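User: Please take a close look at the open sheet in this model and at what surrounds it. I would like one connected account, starting from the chain as a whole.

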Amino acid sequence: MLTVQKLIPRGQGLAAVLLKRAATVELDWDVRQKSRFDATDSQGRHVGVFLARGTVVRGGDVLVAEDGSLIRVLAAPQPVLEVRPCAEHGTPFDLVRAAYHLGNRHVALALACDRLTLEPDHVLADMLRQMHLTVTATQAPFEPEGGAYAAGGHGHDHGHDHGHGHAAPRAPAADTPHVHGPGCGHDHGHDHDHDHDHDHDHGHHHGHAHGQAPAPAHVHGPGCGHDHGHAAAPAVATVSLQSLRKPR
């Protein structure tokens with residue numbers, strides 16, 4: 001027996017020439033919805049499939065055998081019921097209504113624009129005919145919907161990048177403080193005659209007395225009358241930067 005433990009959905013990433021050369025195996029829906037089953041491929045090899053539990057095999061999927069060979073899965077034709085609107089007085093809405101009632105009964109359905117397909121069930125067939133729908137028994141591959149939350153779904157990669165930039169929610173604005181005044185109607189129960197004793201001692205030390213302009217800096221030069229004990233140098237103003245600050 002040839003063991004298979006890997007599946008490539010729809011054969012994605014495989015070259016067309018490899019898919020064309022691969023062996024095939026035809027399986028109906030009853031087998032393909034199982035994760036473990038035996039089958040015989042187109043080359044007559046007996047295949048034992050052991051996939052992860054919950055895996056559903058679809059037509060077009062590719063099984064990878066332990067020896068590296070590929071086996072392409074074909075959905076085998078099987079007995080099904082095709083449901084269509086009445087040709088005389090039916091409307092497409094009739095299919096929507098039928099899909100709703102069948103969905104309530106958890107019936108596996110293959111959906112198309114002009115028909116619904118389900119496995120044979122005479123009770124459901126009678127119900128659909130009473131809804132004025134046309135029900136026809138036929139043979140066709142059956143690929144029911146996997147459900148909105150089915151893992152992997154049908155393998156359709158739509159690649160939609162919606163790019164919605166959701167801004168972070170704003171913090172609630174702070175409540176506007178209540179301003180008390182005449183006629184506000186609030187009895188606040190306290191005396192508004194406050195004795196405010198503010199001591200604004202900021203500890204600033206500016207190096208000069210407030211309210212007085214700094215004394216002009218003395219500029220030494222020839223003829224100033226001071227005996228400096230050294231040769232007169234070119235007149236250079238030595239002005240303290242601190243003394244130039246404006247009083248506050």
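Analyst: In this predicted model, 25% of the 248 residues of the protein chain count as buried. The chain exposes about 18,300 Å², and 53% of that area is supplied by carbon and sulfur atoms. Among the contacts with a separation of 6 or more, 64% are between residues 24 or more positions apart. Four helices and ten strands make up the secondary structure, in the sequence pattern β-α-β-α-β-β-β-β-β-α-β-β-α-β.

Now the sheet. Six strands form it, in the order 2-6-5-1-4-3, with mixed pairing, and the sheet is open. Its edges are strand 2 (23–27) and strand 3 (36–40), each of which pairs on one side only. On average, neighbouring strands are turned by 35° against each other, direction ignored. At one edge, strand 3 pairs with strand 4 (residues 46–50) in the antiparallel sense, over five bridges. Within this pair, Phe37 has Val49 of strand 4 as its bridge partner. In general, strands of a sheet pair through backbone hydrogen bonds, either parallel or antiparallel.

Two further strands of the sheet, strand 5 (62–65) and strand 6 (70–75), are linked by a loop that contains Ser69. Ser69 has a relative accessible area of 17%, and because the limit for buried is under 20%, Ser69 counts as buried. Leaving aside neighbours within four places in sequence, Ser69 is in contact with Leu2, Arg45, Leu63 and Val64. With Arg45 there is also a polar contact of 3.3 Å between the side chains. The C-alpha atom of Ser69 is separated by 8.3 Å from that of Ala23, although the two residues are 46 apart along the chain.

The nonpolar cores complete the picture. The largest has 15 residues, of which Val83, Leu102, Leu116, Leu118, Leu128 and Leu133 touch the most other members. Two or more residues each come from strand 7 (78–85), helix 3 (92–104), strand 9 (116–118), helix 4 (122–130) and strand 10 (133–140). Helix 4 gives the largest share, four residues. Not counting residues up to four places away in sequence, Leu133 touches Val83, Arg84, Pro85, Asp94, Leu95, Ala98 and Leu128. Apart from this core lies another, of 14 residues, including Val47, Val57, Ala65 and Val73. Such grouping follows a general tendency: in soluble globular proteins, nonpolar side chains tend to be buried together.

Technical notes. Residues numbered from 1 in each chain as written. Predicted model: local features only at pLDDT ≥ 70, side-chain atom pairs only at ≥ 80, totals over all residues. Heavy atoms only, no water. Buried < 20%, exposed > 50% of the residue type's maximum accessible area, 1.4 Å probe, protein only. Contact = heavy atoms within 4.5 Å. Areas by Shrake-Rupley, 256 points an atom, 1.4 Å probe, with all protein chains shown as cover. Core = buried A, V, L, I, M, F, W, Y, C linked by side-chain atoms within 4.5 Å. Pairing = 2+ DSSP bridges. Axes fitted to C-alpha atoms, helices over the stretch in contact; angles between N-to-C directions. Polar contact = N/O pair within 3.5 Å; in protein donor to acceptor, adjacent residues only side chain to side chain.
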